[in-house]
Amino acid sequence: MDEAAATLRDELERLVEESAVFGLLQPAAQSFVCEHLEAVNLPGGAVLIQEGEAADCLYLVAVGRLRVTMRGGDGTERVIAELGRGEIVGELAVITNEPRSATVTALRDSEVFKLSTGAFAQLVEEHPEALREIATPVVRRLVRSLREGSPSSPVVTIAVVPLGADPSLAEFADRLHHALERLTGAASHVNALTTAASLGDLTQVSAERLALWFGEHDSRSKAVVYQADAEPTAWTDTCVRQADMVLLVGSSREPPELRPVELAIAERRRRLNTRTELVLVHPPTTRDPRATRRWLESREVDRHHHVRTDRGGDVERVARLILGRGIGVVFSGGGARGVAGIGVLRALKEHGVPIDATGGTSIGSLIAGAAARGLSPGELGAMMRAAVVDSSAFDITFPAVSLAAGKRVTQRIREAAGGLDLEDTWRNFFCVSTNLTTGGVEIHRRGPGWYAVRASFSIPGVFPPVPTASGDLLVDGGLLDNLPVGVMRAEHHGITVIAVDVGRTRDLSAGSLPADGVASGWKLLLGRLDRKGPGQNTAGLGHILMRLTELGSEPSHDQGDLYIRPAVDPFGIADFKAFDRIVQLGYEAGDRAVRDWLAEQPRF
């Protein structure tokens with residue numbers, strides 16, 4: 001066996017051992033698999049498996065990324081998973097001897113190894129235990145996908161495309177590499193100069209040699225940063241062709257117009273359906289990003305990020321989200337009890353838990369929005385105190401639509417938002433409201449921040465509904481989703497979710513309401529004026545309406561990976577006088593929960 005063949009054999013054996021399926025086989029069975037695997041090279045965009053075809057083999061991914069899609073009864077195509085190195089695909093049809101259930105497409109230049117059905121049958125005949133060893137993880141994966149949705153392999157190769165000549169854009173690629181190295185322990189950084197130093201003039205290098213060179217980087221690293229040129233060069237095109245993800249990196253100080261390099265790679269990105277995200281780099285003194293929407297209006301991107309040139313934590317946040325290792329915090333609604341979230345934020349900060357994304361409902365949207373902007377717990381506490389303790393946000397009016405006119409609460413939310421859009425937060429942020437017109441959940445990701453938070457906080461009957469541009473009416477999100485953990489998971493693949501729940505499981509009582517359900521409001525009002533009267537322990541209209549906003553999350557719903565429930569049930573939904581005590585209870589609950597959680601989790 002010559003040196004090249006020996007190297008290939010060693011690499012194949014390592015790939016089989018690393019496989020989540022083949023790695024479970026006995027050594028003799030693994031050797032059989034290695035001897036019968038056949039290499040197949042796939043250019044980006046090529047279809048490997050077509051749904052409905054007869055199964056004649058299964059595949060083991062060595063280099064690249066494959067997308068698995070399934071066509072529904074209505075003809076629409078749904079992404080099932082994305083697979084990378086060490087994953088197998090097509091095994092179910094081989095085991096069951098049924099037609100292919102999904103289509104598999106190469107998202108970038110890839111290399112897979114094929115094991116034919118004949119070789120698989122021989123494997124099972126010579127090593128009977130292999131069928132159970134292969135079928136067990138396959139069945140487990142199916143069960144897990146039914147329960148949690150099909151997992152996808154983490155991103156491995158990232159093409160960083162600078163949108164200009166600003167030195168900070170090229171510097172970002174280097175800083176991203178260091179962040180990925182710290183998180184994975186094995187990251188590499190490749191640019192045109194380092195590639196040319198290894199291969200010589202790239203225009204003279206064959207496609208096969210270049211693919212092999214890229215494959216070697218993929219196999220040695222858990223993450224690879226391919227630094228493209230700022231111009232539409234052949235090297236830039238090569239980087240995009242090899243990428244699981246394209247990061248467009250622009251300077252916030254530059255105009256947001258599309259760059260020539262973007263136009264040059266647009267067709268390849270569309271054809272390969274490459275995930276694309278935008279990174280905006282800001283000067284160190286930037287307090288809040290501004291006008292992000294102008295960058296997003298002219299680009300089709302899956303997500304965006306903001307980083308400052310002097311903040312390593314900003315770049316590490318991007319790296320965690322890319323790898324599917326982000327930390328998201330979701331805050332429920334609950335009226336005054338919601339300020340417990342301020343204490344939880346303090347506990348997270350003291351324990352060094354990073355926050356990469358936030359989301360919330362009702363008062364939780366206020367807490368989440370402030371955290372997304374990067375306000376400290378102290379700054380957030382002062383802002384909330386001024387808004388709800390120092391003076392009332394309730395301006396009573398004739399109850400034609402609501403008990404309050406909504407002018408005060410709208411004005412205070414506007415002031416707190418400071419003219420920012422939802423896209424203008426350092427951390428990704430969303431909030432939810434309820435669309436009364438359609439009867440569905442409204443997820444706010446873009447647009448004026450004050451408008452989204454005001455809609456999410458619009459307690460029906462207490463504050464006026466917020467109209468949409470199309471005439472729909474939006475009210476408090478707690479009616480349908482008081483703890484939107486599922487939205488957070490859908491927004492960010494692989495994210496770990498910390499859920500802060502302050503909604504009461506039980507509230508209100510019949511008090512002195514008549515058993516026949518007939519009540520005189522005048523009688524109850526007089527009873528309240530008389531401290532010994534019958535109306536003292538009967539919930540009022542405002543309390544009843546506010547209670548409705550806490551009922552939108554049943555116990556069976558996803559409660560996150562870390563569920564924090566401060567002991568705030570004794571406090572009423574409008575009990576803002578207990579502000580400091582509620583914040584402290586949030587801190588105590590957060591401190592205990594995070595301390596126990598970190599004892600079982602790796603540091604970030």
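These are my notebook entries on cores and salt bridges in this predicted model.

**Entry 1: the nonpolar cores**

I began with the largest nonpolar core. It has 53 residues. I asked which members touch the most others. They are Leu 348, Met 384 and Ile 498. Next I looked up where the largest share of this core comes from. Helix H21, residues 579-599, supplies nine residues. I also found a second, separate core, this one of 27 residues. Among its members are Leu 12, Val 21, Ala 55 and Val 138. I noted a general point here: in soluble globular proteins, nonpolar side chains tend to be buried together.

**Entry 2: around Ile 498**

I picked Ile 498 and listed what it touches, leaving out residues up to four places away in sequence. The list includes Ile 327, Gly 328, Val 329 and Val 330. Leu 348 and Val 353 are also on it. So are Leu 562, Ile 564 and Trp 597.

**Entry 3: Arg 241**

I found Arg 241 in helix H9, residues 234-241. Is Arg 241 buried or exposed? Its relative accessible area is 18%. The cut-off for buried is under 20%, so Arg 241 counts as buried. I then checked its contacts, again without neighbours within four places in sequence. Arg 241 is in contact with Arg 108, Asp 109, Leu 210, Arg 268 and Leu 272.

**Entry 4: a salt bridge between distant parts**

I searched the whole structure and got 35 salt bridges. One of them joins Arg 108 and Asp 244, at 2.4 Å from N to O. The two residues are 136 residues apart in the chain. Arg 108 lies in the loop between strands E7 and E8. Asp 244 lies in the loop between H9 and strand E12. Both Arg 108 and Asp 244 are buried. I followed this pair further and found a network of salt bridges. It links Arg 65, Arg 67, Glu 82, Arg 108 and Asp 244.

**Entry 5: two more pairs**

I looked at Arg 270 and Glu 267, which form a salt bridge at 3.6 Å, N to O. How many residues apart are they in helix H10? They are three apart, so about one helical turn separates them. Arg 270 is exposed, with a relative accessible area of 56%. Glu 267 is partly exposed at 47%.

My last pair was Arg 71 and Glu 77. Their closest N and O atoms are 3.5 Å apart, in a salt bridge. Arg 71 is partly exposed at 46%. Glu 77 is also partly exposed, at 47%.

Technical notes
Residues are numbered from 1 along each chain as its sequence is written. This is a predicted model: local features need pLDDT of at least 70, side-chain atom pairs count only at pLDDT 80 or more; totals for chains, interfaces and linings use all residues. Side-chain values use heavy atoms; hydrogens and water are left out. A nonpolar core is a set of buried Ala, Val, Leu, Ile, Met, Phe, Trp, Tyr and Cys residues joined through side-chain atoms within 4.5 Å. Buried means under 20% relative accessible area, exposed over 50%, partly exposed in between (1.4 Å probe, protein chains only). Helices (H or I, at least four residues) and strands (E, at least two) are DSSP runs, numbered from the N terminus. Contact means heavy atoms within 4.5 Å. A salt bridge is a side-chain nitrogen of Lys or Arg within 4 Å of a carboxyl oxygen of Asp or Glu.
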